[in-house]
Amino acid sequence: MARGKQERTEQPVVIASNRGPISFSLDGEDLVGRRGGGGLVSGLVPLVEEGRATWIAAASSTADQQAAEEGDGIATADGLSARLLTIKPRIYSDYYDVISNSTLWFVHHGLFDLTRDPSYDTDWWDAWGNYRKVNSTFATAIVEHAPRNATVLIQDYHLTLLAPDIRAERDDLHLVHFHHTPFAGPDGARVLPPNAMQEMLRGLAGHDACGFHTGTWSSNYRATQRRLGNRDVSTFEATLSSDLASLQRTAESDECISARAELEDLAGGRRIIARVDRMELSKNIVRGFDAFNRLLESRPDLRGAVVFLATCYPSRENVPAYARYRQEVLEAAEVVNDRWGTGSWTPVSLMTDDDFPRSVALLMIYDVLLVNPIRDGLNLVAKEGPAVNQRHGQLALSDQAGAFAELEDAADEVFPFDVAQTAEVLGRCLDREAEEREFRATQLREIVNQRTPADWLRDQLMQ
Ligand code: G6P
């Protein structure tokens, strides 16, 4: 029986994602569980709290596995429960490190240097087989545990193959996929072997609908499907926004207040250019420091008058390309400091540990926030910054970030490959008169506050 859109918002829900809402670590012998951050968790968790949704995720560490085993498959922490699937480490690493992070992420973000990479060998095809295997483990768990007529919200590039397997067993389920990253258009998609790409596109077409943060990625997806002759795929656009209430709670925390004092100390009353990112190739961190270098070169008046405070926290450190990039980022920051630093002024302070309250503190006090990704599905920082900033901070935003489509009227457009232009934009943002700064910052905040994570969730449930 066909179910109407309104009705589906009342159905039980199953969420499937690689990373679950809770994760565990070991403190000696003790398991310590905590809730994850970010928009995805804050958008979806209310459903779990209401008891309407079951969350299925991978147990991605031995501590996660232990927590799952102790709870007979279900782990609980911080008032939240999730079914964590135990997967053999070798298989998990092929699925997560090799395929999800080193292949699909690179394809969708256009990160390969095609003169060298990728190069598909039998190891890669074995890894693809294990990616398929993990997808089928998720499919089996969904088939087994989803309540009748549930809506299944399947999240991201880790889980693209499972829909046909679910459909074969459970035609009562409504399957919605949400792709958080960009999607490669036909030209970028040719970098994946045709068989793998076809398998992925067939898998995605097996959903009732596939969602993206912005129109560019959904039209890329449709164009890539069309290339394979699939003209009839259903897509939707639903942008995620920052979770203001939870940001405000963090902003008021003791940790954030003391981090703010430390950052202000570091700035020593100077203007602040900031960035808050994972240590991640697509974020374009090296070009950001190069641009700052050029800014100081062309603007002697800014020497000693501005600092670049950058928090770049660890990400996917198992992937060799990420480890190499981290090194390049450290070197790029050092180049600026060696060239321009004085006894009383360190131009760049780069903080590489994971400290969320400090990141929020930095977002509260920047004068200019640089968000210059090569490509980004959305970039939540571009929204979180304007939401919490207290200094009428300006947003220098890459035209390749999904968030650009919403924020372009009030942000300053950055072309991520053009460091000279990026430098000029940073200078323009710093020079702007107070009145216009306030106008733009207010406009940014208004746009960001138009949506909440709950709106994004509802958009998925209405498909
Ligand atoms: C970013 C991306 C998401 C992705 C997530 C996975 O947040 O925007 O699309 O799902 O990374 O990160 P992880 O640390 O789990 O590899």
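The centres of domain 1 and domain 2, taken over C-alpha atoms, are separated by 30 Å in this predicted model. By the domain assignment, domain 1 covers 5–241 + 455–461, and domain 2 covers 244–448. Where the two meet, domain 1 brings 24 residues to the contact and domain 2 brings 20 residues.

**The surface between the domains**

The size of an interface is often given as the accessible area lost when the parts come together. Here domain 1 and domain 2 bury about 1600 Å² between them, with 57% of that area coming from carbon and sulfur atoms. Three residues are worth finding on your screen: Trp105, Trp217 and Ser241 supply 25% of the area that domain 1 buries against domain 2, more than any other three residues.

How do the polar links look? Between domain 1 and domain 2 there are 0 salt bridges, while 8 residue pairs are in polar contact across the interface, both partners being at pLDDT 80 or more.

Turning to the secondary structure, α4 (89–109) and α9 (215–227) each give at least two residues to the side of domain 1 that touches domain 2. Of these helices, α4 contributes 8 residues, the largest share of that side. By residue type, the same side of domain 1 holds 10 nonpolar, 13 polar and 1 charged.

**The ligand and its surroundings**

Trp105 turns up again here, as one of the residues around the ligand. The others in that set are Arg19, Tyr96, Asp156, Tyr157, His158, His180, Thr181, Arg278 and Arg316. For three of the side chains, the table gives the distance from an N or O atom to an oxygen atom of the ligand.

| Side chain | Distance to a ligand oxygen atom |
|---|---|
| Tyr96 | 2.4 Å |
| Asp156 | 2.5 Å |
| Arg278 | 3.1 Å |

**Two backbone details**

Most residues other than glycine have a negative phi, and most peptide bonds are trans. With that in mind, two places in the chain deserve a look. Which peptide bond is cis? The bond from Asp117 to Pro118 is, with omega near 0°. Pro118 sits in the loop between α4 and α5 (122–145), and α4 is the helix already met as the source of 8 residues on the side of domain 1 that touches domain 2.

The second place is Asp78, which is not a glycine and yet has a positive phi of about 55°. Asp78 belongs to the loop between β5 (74–77) and β6 (80–85).

Definitions and conventions:
Residues numbered from 1 in each chain as written. Predicted model: local features only at pLDDT ≥ 70, side-chain atom pairs only at ≥ 80, totals over all residues. Heavy atoms only, no water. Domains from an automatic or database assignment. Contact = heavy atoms within 4.5 Å. Buried area = accessible area lost by both parts, 1.4 Å probe. Salt bridge = Lys/Arg side-chain N within 4 Å of Asp/Glu carboxyl O. Polar contact = N/O pair within 3.5 Å; in protein donor to acceptor, adjacent residues only side chain to side chain. Helix = DSSP H or I, 4+ residues; strand = E, 2+ residues; numbered from the N terminus. Nonpolar A, V, L, I, M, F, W, Y, C, P; charged D, E, K, R; others polar. Near = heavy atom within 4 Å.
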